[in-house]
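Me: Please take a close look at one residue of this model and its surroundings. Then work outwards from there to other parts of the chain.

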Amino acid sequence: MIKRAASWAFGLACAAGLAATASACKAATPGTETVAAAPAEAGQKAASSVHLAASQLAQVRVEELSEHSPPDTLKATGTVEFNADRMSRILPPVAGQVQQLAVNVGDVVRKDDILFVLSSREVAAAIAEHLASHKDLDLAEKTFAMTQDLFDHQAASRMALQQSENERSKARSKVLQTEEVLQVLGLDGHPAEDATRLQSRIPMRSPIAGTVIERSVTNGQFVGPDNPPLMTIADLSAVWVQADVFERDLSRISVGQKAEVTTAAYPNDRFTAQVSRIATVVDGQTRTSKVRFLAANPDARLKPGMFASTSLYLPQPSSALTVPAKAVFVEGGRRFAYVQVGAQDFARRGVETAASGTDRLRIVSGLNVGDRVVSDGVLLLRQLDAGAPTQ
Ligand SMILES: [Zn+2]
């Protein structure tokens, strides 16, 4: 109550153009854009109410103020994009020929499905080298065991024993090294341990479940590590919506907030989403920032490139009264709203408001819980009220 009285006094000072400057008026309530309210007494004097005929009453809608105002939403428009966190570009690990190409653009693939096979001399060479390293290791192990036996029977020198031990550890690291090469090529484990299955073909598998969205390769084509990606797989089960949000609204948005996405393509459907990233820069031209929403995309109906609208549910400040923005009008530099004072009678009330997103204004002073505020038909009342004094 005390705070409110102070704010009234300030309103008076500002309105009367006393020593206070415009900036001082603003400074009275940091962080909110307030407009000086009409003085309370003057507001009550102005309560020469407007009487509406029954037919006119039908054009007016009234909202009773309560602590539980409808949730405020922040709307923004944007574009559907691929979820780059769930995209995979297929690059050839070695030079080779594409064979058994099994997928086309639009095909849905599971994780580890074989997309094509890469036939490569390099792979054949790497397998051969790995097999040879195993043979060398076998030999080195036998030599070491034999030397150890001889040494135990004083038939070999310590020097000879150490040398055979060195040879054995060298052979071991060679096996590991050539095995690593095979792993880089996508051949895990020991694919060619059995020499009869010696093969020079690498199965190229999809690293993720998704849809083939690009394919630049054809069957039989020779490719190398310098090639651009042969294929792109994208998981469309969730997509990004990149929306532009005004600088002034950024303070009300945080990562994780729930939102809804709608599109012109599916006007009756709402896709659930949440804020996943807020850009760190503001566009100097548009005064907006990119806010990324992660939207669930069942049936892959949200298509990259599509225009989309986002509605973000903003947390309500506790026990804050809000009115629809259209309930408040400015006249003579002050803000007013109409309140229902009788069955068919309405009076204007000076109000002090603060921005509260886009749809509603927060009441700083001038209105209370239970007040019946005109949310539709303000223009009609103003026309009828035109002759009446405003102070
Ligand atoms: Zn091996």
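Reply: Here is one buried position, followed by the strands, helices and loops that complete the tour.

First, the ground rules. The model is predicted, so local features need pLDDT of at least 70 and side-chain atom pairs count only at pLDDT 80 or more, while totals for chains, interfaces and linings use all residues. Residues are numbered from 1 along each chain as its sequence is written.

Start at Ile202. This residue lies in strand β8, residues 201–205. Helices (H or I, at least four residues) and strands (E, at least two) are DSSP runs, numbered from the N terminus. Is Ile202 buried or exposed? Ile202 is buried, because 23 other C-beta atoms lie within 10 Å. The cut-offs are simple: buried takes 20 or more other C-beta atoms within 10 Å of a residue's own, exposed takes 12 or fewer, and partly exposed is in between, with C-beta atoms placed from the backbone. Across the protein, 27% of the 391 residues count as buried.

Which residues touch Ile202? Set aside neighbours within four places in sequence. The contacts are then Val117, Leu118, Ser120, Val123, Leu185, Gly186 and Leu187. A contact means that two C-beta atoms, placed from the backbone, lie within 7 Å. There is also a link to Gln99 in space. Ile202 and Gln99 are 103 residues apart in sequence, but their C-alpha atoms are 9.9 Å apart. Contacts across long stretches of chain also show up in the totals. Take the contacts between residues at least 6 apart in sequence: 74% of them join residues at least 24 apart.

Now follow those partners into their strands. Leu118 belongs to β7, where it is the bridge partner of Val98. Strand β7 covers residues 114–119 and pairs with β5 in the antiparallel sense over three bridges. Two strands pair if DSSP finds at least two bridges between them. Strand β5 covers residues 96–99 and also pairs with β10, residues 222–223. That pairing is antiparallel too, and it has two bridges. Within it, Gln97 has Phe222 of β10 as its bridge partner.

Next, two helices. Val123, one of the contacts of Ile202, falls within the range of helix α5, residues 121–152. The axis of α5 comes within 8 Å of the axis of helix α6, residues 158–184. Axes are lines fitted to C-alpha atoms, for helices over the stretch in contact, and angles run from 0 to 180 degrees between N-to-C directions. The two axes cross at roughly 160°. The helices are therefore roughly antiparallel to each other. Here, under 35 degrees counts as roughly parallel, over 145 as roughly antiparallel, 65 to 115 as roughly perpendicular and the rest as oblique. The crossing of α5 and α6 is left-handed, meaning that the near helix is turned anticlockwise from the far one by less than a right angle (clockwise would be right-handed). The residues of this contact divide into 12 nonpolar, eight polar and 10 charged. Ala, Val, Leu, Ile, Met, Phe, Trp, Tyr, Cys and Pro count as nonpolar, Asp, Glu, Lys and Arg as charged, and the others, Gly among them, as polar.

Now a sheet. Four strands form an open sheet in the order β4-β11-β9-β6, with antiparallel pairing. Strands β4 (87–90) and β6 (108–109) stand at the edges, each with a single partner strand, so one side of each has no neighbour in the sheet. Between β9 (residues 210–215) and β11 (residues 231–234) there are four bridges. One bridge pair is Val212 with Ile233 of β11.

Further along come β13, β14 and β15. Strand β13 (residues 258–262) pairs with β14 (residues 271–278) over four bridges, in the antiparallel sense. Glu260 stands opposite Thr272 of β14. Strand β14 is also joined to β15 (residues 288–296) by five bridges, again antiparallel. There, Val275 stands opposite Phe293 of β15.

What about the loops? Arg287 sits in the loop between β14 and β15. Its phi is positive, about 60°, although it is not a glycine. With 11 other C-beta atoms within 10 Å, Arg287 is exposed. Asp299 is in the loop between β15 and β16. Asp299 is not a glycine either, yet its phi is positive, about 65°. It counts as exposed, with 8 C-beta neighbours inside 10 Å.

End at Tyr313, in strand β16, residues 307–313. Tyr313 is partly exposed, because 14 other C-beta atoms lie within 10 Å. Its C-alpha atom is 7.4 Å from that of Gln257, 56 residues apart along the chain.
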